[in-house]
Amino acid sequence: MAKIWYLGHSTLQLEIDGVRIVTDPFISDNPKAADVNVSDVEADIILVSHGHGDHVGDLVELAKTTDAEVISCFEITTWLENQGHSNVRPMNIGGNYVSRGIRFKMVNAVHSSSFPDGSYAGNPAGFIIEGQNDCIYFAGDTALTYDMKLINEEFDLTGALLPVGDNFTMGPDDTLKAAQMCGTDRVVGIHFDTFGFIEIDHEQTEKLFEDAGIELFLPNPGEELEI
Ligand code: NI
Ligand code: MN
């Protein structure tokens, strides 16, 4: 079981085999995560899916204060190095890397990517996080894509962190299809309710997944869970 502390939007602190992995740190500017303190977040490794502001808002500060190893595409790790954080691992889609006994595979995401100042941030991505007993797909920001079937062919997922807020990413119907395609029966919804464009109807979404026999968690920022 992976321990998860949901910090709002697409930010999660996962604990797998004793390693703390934080995804897309965006807390200080998230109005829905006002009760979460960035200084409470602990990270050995930070994964960054793409360069948009709602995924890198607290990246530089958290990387520096924790001295975590930041795993992301080459363009994002270079940007971080230029800001004085050198503990990085540049990757690109399709690549595998093992750190602290955890295997990370960078996989395709269908989205866009640029830094908050508009400069080029490489291609958006997702990650497979494979520990001894856990195998979790963090999808980043993405639309539904048939590439998710490749994940099912290669991995035996124990859970997936999938965007469900619609508008900028896939929404509930496609997120359900994504879960079926990548072969998981356990989903933690991310990238929903943070702002108006991505508000979802919880009851309707929960029913959709329940009817399909897939467990869906729609956590509140600050909530802890296990998958
Ligand atoms: Ni985005
Ligand atoms: Mn986003």
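**Close-up 1. His-191 and the manganese site.** At 1% relative accessibility, His-191 counts as buried, because buried here means under 20%. This is a predicted model, so read each view below as part of a prediction. His-191 gives its NE2 atom to the manganese ion (ligand 2). The other protein donors of the manganese ion (ligand 2) are Asp-54 (OD), His-55 (NE2) and Asp-141 (OD), and the donors lie 2.2 to 2.3 Å from the metal. Written along the sequence, the spacing of these donor residues reads D-H-x85-D-x49-H. Asp-141 sits in the loop between β10 and α4, while His-191 sits in the loop between β12 and α6, so this pair ties together parts that are 50 residues apart in sequence.

**Close-up 2. Asp-141 between two metals.** What does Asp-141 coordinate? Both the manganese ion (ligand 2) and the nickel ion (ligand 1), which are 3.0 Å apart. Asp-141 counts as buried, with a relative accessibility of 2%.

**Close-up 3. The sheet from β7 to β13.** Seven strands make up this open sheet, running β7-β8-β9-β10-β11-β12-β13 with mixed pairing. At the edges are β7 (96-99) and β13 (215-217), each of which pairs on one side only. From one strand to the next, the twist averages 20 degrees. Zoom in on β12 and β13 and you'll find parallel pairing over three bridges. One residue to pick out is Arg-186, whose bridge partner in β13 is Glu-215.

**Close-up 4. Helix α5 on its sheet.** Helix α5 lies across β10, β11 and β12, and runs at about 150 degrees to β11. Which residues of α5 (172-182) are buried? They are Pro-172, Thr-175, Leu-176, Ala-178, Ala-179, Met-181 and Cys-182. As a reminder for reading that list, an α-helix has 3.6 residues a turn, so residues three or four places apart point the same way. The buried residues of α5 pack against three strands, β10 (135-138), β11 (159-163) and β12 (186-190), and against the helices α4 (148-154) and α6 (202-211). Right after α5 comes Gly-183, with a positive phi near 80 degrees.

**Close-up 5. The sheet from β6 to β14.** Here is another open sheet of seven strands, in the order β6-β5-β4-β3-β2-β1-β14, and its pairing is mixed. β6 (88-91) and β14 (224-226) are the edge strands, each pairing on one side only. Ignoring direction, neighbouring strands are turned by 20 degrees against each other on average. In which sense do β1 (3-6) and β2 (12-16) pair, parallel or antiparallel? Antiparallel, over four bridges. Within that pair, Tyr-6 has Leu-12 in β2 as its bridge partner.

**Close-up 6. Helices α2 and α3.** Helix α2 (59-66) packs on the sheet that runs from β6 to β14. It touches β3 (19-23), β4 (45-47) and β5 (69-73), with its direction at about 165 degrees to that of β4. The buried residues of α2 are Leu-59, Val-60, Leu-62 and Ala-63. Their cover includes the strands β3, β4 and β5, plus the helices α1 (53-56) and α3. After α2 comes Asp-67, whose phi is positive, near 50 degrees. Helix α3 (74-81) lies across β5 and β6, at about 135 degrees to β5.

**Close-up 7. The largest pocket.** The largest pocket holds about 160 Å³ of space. It is lined by 14 residues, and the closest to its centre are Val-107, Asn-108, Asp-147, Leu-150 and Ile-151. Which elements each supply at least two residues of the lining? Strand β8 (102-108) and helix α4 do.

**Close-up 8. Ile-93 and its contacts.** Ile-93 is in the loop between β6 and β7. Is Ile-93 buried or partly exposed? With 36% relative accessibility, Ile-93 counts as partly exposed. Setting aside neighbours within four places in sequence, Ile-93 is in contact with Met-106, Val-107, Asn-108, Asn-123, Pro-124 and Ala-125. Take Asn-108: it is 15 residues away from Ile-93 in sequence, yet their C-alpha atoms are 6.1 Å apart. Val-107 and Asn-108 have also turned up among the residues closest to the centre of the largest pocket.

Conventions
Residues numbered from 1 in each chain as written. Chains lettered and ligands numbered in written order. Predicted model: local features only at pLDDT ≥ 70, side-chain atom pairs only at ≥ 80, totals over all residues. Heavy atoms only, no water. Buried < 20%, exposed > 50% of the residue type's maximum accessible area, 1.4 Å probe, protein only. Contact = heavy atoms within 4.5 Å. Pairing = 2+ DSSP bridges. Axes fitted to C-alpha atoms, helices over the stretch in contact; angles between N-to-C directions. Donors = N, O, S within 2.8 Å, 3.2 Å for Na, K, Ca; no water. 1 Å grid on protein atoms, 1.4 Å probe; cavity = no way out; pocket = protein on both sides within 12 Å on 5 of 7 lines; lining within 4 Å. Points joined across faces, edges and corners; volume = space filled by probe spheres on them.
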